Amino acid sequence: MLAIYCRTSKTKIEDQDQSIPSQKMLGVKFAQIKGWEYQFFVDEGISGTKDDINDRPQFAEMLNLIRKGEIQAVYCIDQSRIERNNDIWNFFVGVVLKAECEYYPSGELLDLDVPQNRFFSGVVSLSNSFYAALTSQKTKL
């Protein structure tokens with residue numbers, strides 16, 4: 001089963017955030033190409049900066065089903081939908097690797113068991129965290 005994970009943050013930025021319907025459409029298109037059954041996991045209006053996965057109920061449920069072996073692959077339009085928090089990224093990577101679950105950002109397999117891929121996705125995660133912190137700081141001004 002493919003998990004199609006979709007998320008928008010609390011403040012949708014026009015022309016920057018992908019809407020939930022478009023995230024779903026791209027995920028379904030990917031699932032159809034692969035010939036896989038799929039299930040949606042949608043956290044709408046929830047920041048990816050949350051430290052506690054329980055603050056993102058659908059993300060937490062997806063991880064639970066990955067651990068149980070019911071989800072074998074995860075699709076998202078890009079890594080920033082999974083996280084804007086490095087601790088959450090590292091947790092996600094640990095769960096995915098332990099369950100031997102495949103990860104498909106933008107529909108391309110990213111093997112997180114390859115050290116270079118883990119390194120570069122870690123850099124992306126730090127960039128995601130930095131972007132979120134910088135945006136929050138600007139908003140407060």
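Biologist: Let's start with one residue: in which helix is the place of V123?

Modeller: V123 sits in helix α5, which covers residues 115-140. Keep in mind that this is a predicted model.

Biologist: Is V123 buried, partly exposed or exposed?

Modeller: You go by relative accessibility: under 20% is buried, over 50% is exposed, and in between is partly exposed. V123 has 37%, so V123 counts as partly exposed.

Biologist: Which residues make the nonpolar surface patch?

Modeller: V123 joins F119 and F120 there, and the patch comes to about 320 Å².

Biologist: On to the sheet. What is the order of its strands?

Modeller: Read across the sheet and you get β2-β1-β3-β4, four strands in an open sheet with parallel pairing. β2 (38-43) and β4 (102-105) are the edge strands; each has a single partner, so one side of each has no neighbour in the sheet. From one strand to the next, the twist averages 20 degrees.

Biologist: How many bridges link β1 and β3?

Modeller: Three bridges, in the parallel sense, between β1 (residues 2-7) and β3 (residues 73-76). Look for I4, which stands opposite Y75 in β3.

Biologist: And which strands does helix α2 touch?

Modeller: Helix α2 (residues 57-67) packs on the sheet and touches β1, β2 and β3, with its direction at about 145 degrees to that of β2. The buried residues of α2 are F59, A60, M62, L63, L65 and I66. Those buried residues pack against β1, β2 and β3, and also against α3 (79-82) and α4 (86-99).

Biologist: What is the phi of G69, which follows α2?

Modeller: G69 has a positive phi, near 85 degrees.

Definitions and conventions:
Residues numbered from 1 in each chain as written. Predicted model: local features only at pLDDT ≥ 70, side-chain atom pairs only at ≥ 80, totals over all residues. Heavy atoms only, no water. Pairing = 2+ DSSP bridges. Helix = DSSP H or I, 4+ residues; strand = E, 2+ residues; numbered from the N terminus. Axes fitted to C-alpha atoms, helices over the stretch in contact; angles between N-to-C directions. Contact = heavy atoms within 4.5 Å. Patch = residues over 30% accessible without salt bridge, like charges linked within 9 Å, V, L, I, M, F, W, Y side chains within 5 Å. Areas by Shrake-Rupley, 256 points an atom, 1.4 Å probe, with all protein chains shown as cover. Salt bridge = Lys/Arg side-chain N within 4 Å of Asp/Glu carboxyl O. Buried < 20%, exposed > 50% of the residue type's maximum accessible area, 1.4 Å probe, protein only.
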